[in-house]
Amino acid sequence: MIVRSDFRPAWWLPGPHAQTLWPHLLRRPRVVLHRERLELPDGDFLDLDWNSRERGPLALVLHGLEGSSRSGYARGLLRELHDRGLRGVLMHFRGCSGEPNRLARSYHSGETGDLAHVVRELRRREPHTPLGVVGFSLGGNVLLKWLGETGARREAPLVQAAVAVSVPFMLADAAARLERGTSRLYQWALLRTLRRSLRRKLRLRGGTLDARRLRALRSFRAFDEHVTAPLHGFAGADEYYRLASSRQYLRDIRVPTLILHARDDPFMSADCIPAAAELSPQVRLELAERGGHVGFVSGRWPWRPHYWLEPRIADHLGVHLADLARETAA
């Protein structure tokens, strides 16, 4: 199902870039977090950051490309979840928690194995606790792909609800869009962060990638062709984009899933937005005309902004998790 979103952007943030950059540059939510290190079967690790609520339904949060629990959208959601009576835990993708991961491999838009491992671990610890998952941008693509994979295999759902925000449904489209116009600034900033993270990892863990060659990778397609694809077993960027994009998995999702997206998202073209026929009956796509990329800022005045995403996400989770928790307790 595709419905029109009720989001209305702030008049003082009229365009996609203003919506995208305001929360990224000017927001620093305060939230108390504590860290847990989860050792993985392959010898690597994942860091989980938990909010301070000790009881209640649980929501697992997946950040975007080179994000972390320091990202404003992640901190804001973890605080909102706490205030709504939900425990929240953010899963850092490999190498994103402030310390390079141990193995040569890293993370990418289609890597669902680590998410599956964390969900199984949470289920092992608390088999009856209502559990939801929220993914932003790259994390949203990972989430939707994993939900579709498990649905296609007819596996029993391990989570009760999901939300995906500003998802690059077609990775090739996103890579091409970020090479055009003002969106090239986002590509430049993200690639600079990716290169810096990789150089740090090479210094600490070793590796064969030449620093000069790394500096020459000035587009996402070039980075994915020469770094992401070979590190993770793809023949090249084209194969990676084809296999890792989430759009092809949407019809197999069997968990109540909310997708929040804006047509003016500067990270991709409107052509990548799926049609209603591509969605399973469990998927609700709320489409806004404006909102940018993980933006969705409303509010009457700049000194009192309203970050619309967080209550909307918490509302969806609350419907499916809190009600289930009450049924379980009864």
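**Exercise 1.** How many nonpolar, polar and charged residues does the lining of the second largest cavity have?

*Solution.* The model is predicted: local features need pLDDT of at least 70, side-chain atom pairs count only at pLDDT 80 or more, and totals for chains, interfaces and linings use all residues. Residues are numbered from 1 along each chain as its sequence is written, and side-chain values use heavy atoms, without hydrogens and water.

Step 1. A cavity is a set of points, on a 1 Å grid over the protein atoms alone, where a 1.4 Å probe fits but cannot get out; lining residues have an atom within 4 Å of a point.

Step 2. The lining includes Pro23, Arg27, Gly72, Phe136, Trp308 and Glu310. Two elements, helix 2 (72-83) and helix 10 (309-329), each give two or more residues to this lining; helices are DSSP runs of H or I with at least four residues.

Step 3. Sort by class: Ala, Val, Leu, Ile, Met, Phe, Trp, Tyr, Cys and Pro are nonpolar, Asp, Glu, Lys and Arg charged, the others, Gly among them, polar. The result is 8 nonpolar, 2 polar and 2 charged residues.

**Exercise 2.** State the volume of the largest cavity and the classes of its lining.

*Solution.* Step 1. A volume is the space filled by probe spheres set on the points, which are joined across faces, edges and corners. For the largest cavity this gives about 100 Å³.

Step 2. Trp146, Glu155 and Arg254 are among its lining residues. By class, the lining has 7 nonpolar, 2 polar and 2 charged residues.

**Exercise 3.** What percentage of the 330 residues of the protein chain counts as buried?

*Solution.* Buried means under 20% relative accessible area (1.4 Å probe, protein chains only). By this cut-off, 56% of the residues are buried.

Conventions: 1 Å grid on protein atoms, 1.4 Å probe; cavity = no way out; pocket = protein on both sides within 12 Å on 5 of 7 lines; lining within 4 Å. Buried < 20%, exposed > 50% of the residue type's maximum accessible area, 1.4 Å probe, protein only.
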